[in-house]
Number of protein chains: 2
Amino acid sequence: MGNINIIKLAEELNLSKSTVSRAFRGGSDINPQTREKILARAKELNFLPNHHASNLRNQKSKTIAVIVPEIANNFFSKAINGIEKIAKDKSYHVLIYLTDDDFQKEVSFVTSLSNGRVDGIIMSVSGEDQDHSYLQVLKRKKIPLVFFDRTYEDIETARVTTNDYQSSFEATEHLVKSGCKKVAYLVVNKNLSIGKTRMQGYIDALKKNNIPFDDHLIIDCSNELDKNKIILRNVFETLKPDGVFASVERLAIASYYVCHEMNISIPDEVKVIGFSSLEISPLLNPSLSTITQPAYKMGERAAELLFEILEKHEEEKEFITRNIVLDSELIQRQSSSLEPVAIS
Amino acid sequence: MGNINIIKLAEELNLSKSTVSRAFRGGSDINPQTREKILARAKELNFLPNHHASNLRNQKSKTIAVIVPEIANNFFSKAINGIEKIAKDKSYHVLIYLTDDDFQKEVSFVTSLSNGRVDGIIMSVSGEDQDHSYLQVLKRKKIPLVFFDRTYEDIETARVTTNDYQSSFEATEHLVKSGCKKVAYLVVNKNLSIGKTRMQGYIDALKKNNIPFDDHLIIDCSNELDKNKIILRNVFETLKPDGVFASVERLAIASYYVCHEMNISIPDEVKVIGFSSLEISPLLNPSLSTITQPAYKMGERAAELLFEILEKHEEEKEFITRNIVLDSELIQRQSSSLEPVAIS
DNA sequence: TTGTAGGCGTTATCAT
DNA sequence: ATGATAACGCCTACAA
């Protein structure tokens, strides 16, 4: 295919390819007039310097990767929104990879990215309690990594998280103060650090309020709604908790489905609160009390942090391992209300 | 930076770089043993052939771009999920670009992609009623384009849509049959083809049911919740519709907020139905009747179609302009129910 | 201010 | 089965 390139453009204009190349870089070492002429002709021909050739030459890609467990999820899609916003401002491109919570996919994505395809990576980990040494490649290849939300604690790198312990503590205490004596803690993956941290907040809040911790009330759930319904039906039948603390959004939703189905009244019979980025929590029946993470902002901060490292990096600085912690918001609504519910 | 490459690896193993290169391609013209040796050493060194160099040489990038108006939106995030799934299966990479419904950004993204960065593009358009000729570049550069959901009708290219006319017709008729005599049609951008198509279904359904069409009931809204609330408050106060057909999810949500706020009972005083990919529509107060598009599947089909073209394309075939139309599902729930509502 | 030339890392063709 | 070599398209010393 007789595709155009910098050389043909140069020939056509009776210039050398270096001059044409200069026209596209910001450089000052070119006559503004020739520059205009070149750019004008290039625009006519819809010519832009080839991406791969520039990247090969420059040893950088102007591209970052975002690796997340899932995307059809309010938290992650908002976070990606924030990341893309910052990247767009910096004229960077954003690659998306979904691990589907599968550690093997995570490893294979990271590995495949370790040879020049991206300048940096932002990741929320899949979370299996595995060997994380595969991430060392990135350090060796000088590809900066920023964790957000879900992190591996044994990896030394930059991260953006929320104060999960504190939020969980407060949410649990809120349930207790609303009269709950038997609060179930719903978690998807106990081994994931985020699950542990949130659980610790729950445990400590119970302790502080003199409620004995009962192991059976830690409910290990799944990512699939159907399975969770089965699990939760069983929980409501046998354990009869009067409070539910969902450590992730989908478990709050599953609780709602099961309560509706079993005719268990929220909040009269059981109070519910959950981590959630759902914008329409106020419109649920009943409106859902939430701990809401600043998802969009977390994405922005993660991206900003990555670019900061990327810029330092050129001057051969050490990687930054800063840990940015943002605040979540605890929003009390009807689902955890002490009052009998006036149905709106 | 003394980064490793195919040449150093070759030297180290006392081989030529061509042999090493061959080890990485599937090719049969290499001794299986040397091949193993090379791959083994490469793995030790975490070496993978440089992406940009291969791409430059091969004139392809194994990457596709997805351009959408937004991502923090159930429909688009699910569609992207479907696209990424197919891309992952094909070992392709996925770049994400968000236009924020801004035509200029759309143009600038497409333009910046027209020089080798991607092998193909999947797009849901921002929709301004503008000059779409900027897309011609893609044809000239042989970069296939697949539209999904939101399309430009004047552009000849492959597309994946749903039967919006039919769904809107049915939804409107459903409202009428539930007793509505004054149905408002809520739309974000009247000029966007998708808005027009859906509106035509609405208009024709009214006609068929002998309800005079009233221009004032076409409500032009925005993408911002606050603005929509103001618009809708006014609508409910002055026009007092007894039915609302929201052509996009966010307008159904805004209607809910305003009705809650104004103490207008859904569905007793006004019935609501809307296009929506919200999974928890059944949990809203009241549960929301929806026209639900197969978002994930649309993403999958769009990606499959793109790859089909990509594969043909190598054999120098013409671009495919097939139009795949999938069915949406009309799900009746309480918000459009004829019966007085038993609050669950 | 412009031109020349070498190399970024890979692959494919052509030899051996 | 392996090796030498010439692109792929761009950028940047260095020279003029």
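**Close-up views of a predicted protein–DNA model**

**View 1. Cysteines without partners.** Across all chains, the structure holds 0 disulfides, a disulfide being a pair of cysteine sulfur atoms within 2.5 Å. The model is a predicted one, in which local features need pLDDT of at least 70, side-chain atom pairs count only at pLDDT 80 or more, and totals for chains, interfaces and linings use all residues. Residues are numbered from 1 along each chain as its sequence is written, chains are lettered from A and ligands numbered from 1 in the order in which they are written, and side-chain values use heavy atoms, with hydrogens and water left out. Look at A:Cys180: the closest cysteine sulfur, in A:Cys259, is 12 Å from its own sulfur, too far for a bond. A:Cys180 counts as buried, at 1% relative accessibility (buried means under 20% relative accessible area, exposed over 50%, partly exposed in between, with a 1.4 Å probe and protein chains only). In chain B, B:Cys180 is likewise in no disulfide, and the nearest cysteine sulfur, that of B:Cys259, is 12 Å away. B:Cys180 counts as buried too, at 2% relative accessibility.

**View 2. The protein surface around DNA strand C.** Here 27 residues surround DNA strand C, and the closest are A:Ser18, B:Ile6, B:Ser21, B:Arg25 and B:Arg57; a residue is near the strand if one of its heavy atoms lies within 4 Å of it. This surface divides into 8 nonpolar, 12 polar and 7 charged residues, where Ala, Val, Leu, Ile, Met, Phe, Trp, Tyr, Cys and Pro count as nonpolar, Asp, Glu, Lys and Arg as charged, and the others, Gly among them, as polar. Of the strand C atoms within 4 Å of the protein, 58% belong to sugar or phosphate and the rest to bases.

**View 3. Chain A meets DNA strand C.** A polar side-chain atom of A:Thr19 lies 2.7 Å from a phosphate oxygen of the strand, and a backbone N or O atom of A:Asn31 lies 2.9 Å from a phosphate oxygen. The side chain of A:Lys17 places an N or O atom 3.2 Å from a base oxygen.

**View 4. Helix H5 of chain B.** Helix H5 (residues 74-89) has 16 residues and should span 22 Å at 1.5 Å a residue, which agrees with the 23 Å between its end C-alpha atoms; the expected span is 1.5 Å times one less than the number of residues. Helices (H or I, at least four residues) are DSSP runs, numbered from the N terminus. Of the 16 residues of H5(B), 14 are buried, so this helix is largely enclosed by the rest of the structure.

Technical notes
Polar contact = N/O pair within 3.5 Å; in protein donor to acceptor, adjacent residues only side chain to side chain. Helix = DSSP H or I, 4+ residues; strand = E, 2+ residues; numbered from the N terminus.
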